[in-house]
Amino acid sequence: MPLLNCNALLFDLDGVLVDSNPVYETHWLIWAQERGVSYQHILEVHHGRPVTDTIRIVAPHLDPIAEAEAYRNAVIADDHLERVQSFSGVPTILEELPPNRWAIVTSAPRMFALKTLRYLALPVPKIFISSEDIGMGKPAPYPYLRAAWGLNQPIERCIVVEDAPAGIQSARSAGARVIAVRTTNSPEALQEADFIVNEVSDLKIKFNDTCLRISLD
C-alpha cells in the first residue's frame, strides 16, 4: 500500500468530488442537436476541459466565446440538482481536511459549481479556481499553479486528484504528482497519472501538523 506525503491536496470537482455529469451531458446534447454538432465527439473530449476548448475541438466553425457563454448560461440556470450527488466518503474527507491544505480546481462554470457544492452541503474551500479565473485552462498548467500559489505551497509538494486526461496533463505539466480516479475514464486513459484508484474514498488521509499523509487502498 503506497504511503504519500504532501503539503496540500488539489481536487478537480466533477468526476472526483461530485457527479454532475447528467446535468452537463443533458445540456451538451441540447447544444449539439441545435447546432448539428456530433454529440459523441463532445462526449469523447469534454471531460476536464473548459467549455471554450471543447467547442473549438468539436465545432471549429463556430464562435467559441459566444457558444461557450450560451452553454454556460443554460447550465447555470438548471435547477434540477437532484441529478447531482457527491461520491462516497467525500463529505467526511473535506470536513476533516485543514482549510489551508486543500483547494478545488475545476473547468466548470463558477456559479454552477458553487451552487452544486451548496446543494450537496459540501464545504467551499478558500482557494477555488474555476474556468473563469484562468485565461488558459486545463490541459495548460496554470489552473493548478494558481491553486498552489493561493495556498502558499510549492506545486511540487501538492498532490492533484483528477479523473480526466486533460486534468492529468495540466497537473503534471505544472509539476504536481497525480492520483487519478476511475469514475469517468478507463485506466488506459489515465496512465499518465502516478497512481490510479477507484474513487476518492480509497484515499486515507491523516494530518500530522506538518504534512498530509495519504495511503491508497
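Begin with the whole chain in view: for 217 residues a compact globule would have a radius of gyration near 17 Å, and the protein has 17 Å, which agrees. Bear in mind throughout that the model is predicted. Oriented along the principal axes, the C-alpha atoms fill a box of roughly 55 × 35 × 30 Å. Coloured by secondary structure, the protein shows eight helices and 11 strands, and if you colour by accessibility instead, buried residues make up 53% of the 217. Of the contacts between residues at least 6 apart in sequence, 62% join residues at least 24 apart.

**Stop one: helix H1**

Select residues 21-35, which form helix H1, a run of 15 residues reaching 21 Å from its first C-alpha to its last, close to the 21 Å expected at 1.5 Å a residue. Within this helix, show the side chains of Asn21, Val23, Tyr24, His27, Trp28, Trp31 and Ala32, which are buried. Looking down the axis of H1, you will find that these buried residues fall within an arc of 160 degrees, so they line one face of the helix. Turning to the other side of H1, you meet Gln33 and Glu34, which are exposed. To see what covers the buried residues, add strand S3 (18-19), helix H2 (39-45), helix H3 (51-58), helix H4 (64-76) and helix H6, which are included in that cover. Just beyond the end of H1, Gly36 takes a positive phi of about 65 degrees.

While helix H4 is displayed, pick out Glu67, which is found in it. Is this glutamate, Glu67, buried or exposed? With a relative accessibility of 14%, it counts as buried, because the cut-off for that class is under 20%. Beyond residues up to four places away in sequence, Glu67 touches Trp31, Arg35, Ile55 and Leu62.

**Stop two: the nonpolar cores**

In soluble globular proteins, nonpolar side chains tend to be buried together. Here the largest nonpolar core holds 51 residues, and the members that touch the most others are Leu9, Phe11, Leu17 and Trp31. Helix H1 gives the most to this core, with five residues. Centre next on Leu9 and display its surroundings: leaving aside neighbours within four places in sequence, Leu9 is in contact with Leu97, Arg101, Trp102, Ala103, Ile159, Val161, Ile205, Leu212 and Ile214. Apart from the largest core lies another, of 22 residues, among them Ala103, Ile129, Tyr144 and Ala176.

**Stop three: strand S1 and its partner**

Now select residues 3-6, strand S1, where Leu4 and Cys6 form a covered face and Leu3 and Asn5 an uncovered one. Strand S1 runs antiparallel to strand S11, and four bridges join the two. If you want a single pair to inspect, take Leu4, whose bridge partner in S11 is Ile214.

From there, move to Cys211, which sits in the loop between strand S10 (203-207) and strand S11 (212-216). Cys211 has a relative accessible area of 10% and is therefore buried. Which residues is Cys211 in contact with, leaving aside its neighbours within four places in sequence? They are Asn5, Cys6, Asn7, Arg101, Arg157 and Lys206. A C-alpha distance worth displaying is that between Cys211 and Ala8, which are 203 residues apart along the chain and separated by 7.6 Å.

**Stop four: backbone exceptions**

Most residues other than glycine have a negative phi, and most peptide bonds are trans. The remaining selections depart from one or the other of these tendencies.

- Select Ala121, in the loop between helix H6 (110-119) and strand S6. Its phi is near 60 degrees, a positive value in a residue other than glycine, and at 61% relative accessibility Ala121 counts as exposed.
- Go on to Asn152, in the loop between helix H7 and strand S7 (158-162). Although Asn152 is not a glycine, it has a positive phi of about 60 degrees, and with a relative accessible area of 68% Asn152 is exposed.
- Finish at Pro139, in the loop between strand S6 (128-129) and helix H7 (142-150). The peptide bond leading into it from Lys138 is cis, with omega near 15 degrees.

Definitions and conventions:
Residues are numbered from 1 along each chain as its sequence is written. This is a predicted model: local features need pLDDT of at least 70, side-chain atom pairs count only at pLDDT 80 or more; totals for chains, interfaces and linings use all residues. Side-chain values use heavy atoms; hydrogens and water are left out. Buried means under 20% relative accessible area, exposed over 50%, partly exposed in between (1.4 Å probe, protein chains only). Contact means heavy atoms within 4.5 Å. The expected span of a helix is 1.5 Å times one less than its number of residues. The arc is that of the directions from the helix axis to the C-beta atoms. A nonpolar core is a set of buried Ala, Val, Leu, Ile, Met, Phe, Trp, Tyr and Cys residues joined through side-chain atoms within 4.5 Å. Two strands pair if DSSP finds at least two bridges between them. The radius of gyration is taken over C-alpha atoms; the globule rule is 2.2 Å times the number of residues to the power 0.38.
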